[in-house]
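I opened the model to look up a few local features. My notes follow the order in which I checked them.

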Amino acid sequence: MDRIGIMLDWVIMQKGINGDKSYERLPYYVEIGKELGLEPVFFHPSHVLPGEEKVKGYFWNGSRLIPRLVHIPRVIHNRVLTGDGRSRSTIQRLSRKKTVFNGLVVRDKRKVHQMLWKNQQLRQYLPHTVSYTSEQLRHFLDKYRIVYVKPSIGSVGIGVARIERSGNEYRFISSKKQRTLNRNQLLAVVRKWVGNKRFLIQQGIALARYHGKTFDIRVSVQKNAEREWTVSGMVAKVANQQNKLSNLSRGGRAVSLSEAIKGGFLPEAHPEIMEKISQAAVKIAKQYSQHFQSLADLGMDMGIDDKGNPYLIEVNVRDQRYSFFKAGEKAMFKQTYRHPMEYAHTLIYDQKARKKKQLA
């Protein structure tokens with residue numbers, strides 16, 4: 001049986017070693033691996049022995065992870081989200097010697113937007129986005145009723161502020177509080193909010209609603225056994241009324257996409273809406289992966305307006321996937337594990353075929 005490396009965050013590894021559950025379903029890797037003739041080796045970059053071709057790998061024994069010193073697998077799926085400098089340099093080193101998919105990429109949201117903007121076909125999906133300056137904020141406030149101020153690098157909604165204009169007043173909504181301010185007060189609050197960190201300003205799209213609350217859509221876009229980008233699943237994330245954030249860790253709620261669009265769109269329009277979202281997500285994945293060849297597993301946050309037109313909110317290179325589980329979309333949830341394993345299987349098969357040809 002061939003081995004596939006699954007590189008995980010330190011906290012996830014510790015939970016697995018202790019037999020505790022996390023958002024990573026380790027048994028899925030094992031179960032799908034058995035079908036494909038693959039044995040998963042779980043490890044964190046710090047488990048790689050320096051200067052050697054070995055790793056302190058961990059194997060699932062049915063209830064927890066057990067360590068064993070093994071050779072580093074030839075193909076590795078990188079699932080490390082929070083990498084320190086040492087971990088990043090280890091991943092870079094592994095990427096030179098092994099096939100590491102979903103390797104290190106630029107995570108700066110402004111730079112990602114610029115990469116995507118180069119493709120004219122994608123511009124219809126991209127909300128107006130610029131780097132933060134006080135002058136640009138004034139311009140956006142004049143132009144759009146809803147504006148987001150968010151960190152250039154960040155996840156799960158941390159540091160995101162939503163600004164809603166109503167007449168001469170502005171509602172400043174963050175994860176912790178809401179304030180109604182005049183324009184000068186708002187500019188001062190945002191300046192303090194941003195500080196000396198890199199932020200961007202983004203046009204707020206008037207998103208479709210579910211029971212009066214806006215929702216966005218997590219789209220899992222992955223390479224499959226044919227090495228083609230495909231949509232593994234789509235699920236709606238309904239915003240928390242208090243902070244208008246849809247992130248599950250910030251009070252959002254996951255529901256099936258078919259349920260979410262039921263109230264705002266006629267049933268006959270549903271297939272077309274889903275197809276539009278899928279097509280947009282695959283096009284975006286193809287463009288992004290032109291800049292980073294190792295990409296094979298993405299989680300996109302997308303929104304639709306009241307006409308069902310899709311917009312990209314942001315691209316996540318380490319999709320945590322549990323929104324599918326929370327929405328009860330178990331088949332989609334499992335599919336998000338299956339496709340990367342099938343993709344890894346084709347990479348391993350190709351490597352073996354090339355080696356066999358060289359020896360012939």
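The entries below cover a strand pair, one residue in a strand and a helix pair, all read from a predicted model.

Entry 1, strand pair. I looked up β10, residues 169–173, and β11, residues 178–181, and found them paired in the antiparallel sense over 4 bridges. The two strands form a hairpin, and I noted 4 residues between them. For the register, I recorded that Tyr170 of the pair stands opposite Leu181 in β11.

Entry 2, Gln202. I placed this residue in strand β12, which spans residues 199–203. Is Gln202 buried or exposed? Its relative accessibility is 7%, and the cut-off for buried is under 20%, so I entered Gln202 as buried. I then checked the side chain for polar partners. One polar contact, at 3.1 Å, joins Gln202 to the side chain of Thr129. Another, also listed at 3.1 Å, goes from the side chain of Gln202 to that of Lys150. Leaving aside residues up to four places away in sequence, I listed what Gln202 touches: Pro127, His128, Thr129, Phe140, Val147, Tyr148, Lys150 and Ile313.

Entry 3, helix pair. I looked up how α4 (residues 109–117) packs on α8 (residues 270–291): the angle is about 110° and the axes are 9 Å apart. Angles of 65 to 115 degrees count as roughly perpendicular, so I filed α4 and α8 under that heading. On the α4 side the contact uses Val112, Met115 and Leu116, and on the α8 side Ile284, Gln287, Tyr288 and His291. Sorted by class, the contact of α4 with α8 has 5 nonpolar residues, 2 polar ones and no charged ones.

Definitions and conventions:
Residues are numbered from 1 along each chain as its sequence is written. This is a predicted model: local features need pLDDT of at least 70, side-chain atom pairs count only at pLDDT 80 or more; totals for chains, interfaces and linings use all residues. Side-chain values use heavy atoms; hydrogens and water are left out. Two strands pair if DSSP finds at least two bridges between them. Buried means under 20% relative accessible area, exposed over 50%, partly exposed in between (1.4 Å probe, protein chains only). A polar contact is a pair of N or O atoms within 3.5 Å; within protein, one must be able to donate a hydrogen and the other to accept it, and residues adjacent in sequence count only if both atoms are side-chain atoms. Contact means heavy atoms within 4.5 Å. Axes are lines fitted to C-alpha atoms, for helices over the stretch in contact, and angles run from 0 to 180 degrees between N-to-C directions. Angles under 35 degrees count as roughly parallel, over 145 as roughly antiparallel, 65 to 115 as roughly perpendicular and the rest as oblique. Ala, Val, Leu, Ile, Met, Phe, Trp, Tyr, Cys and Pro count as nonpolar, Asp, Glu, Lys and Arg as charged, and the others, Gly among them, as polar.
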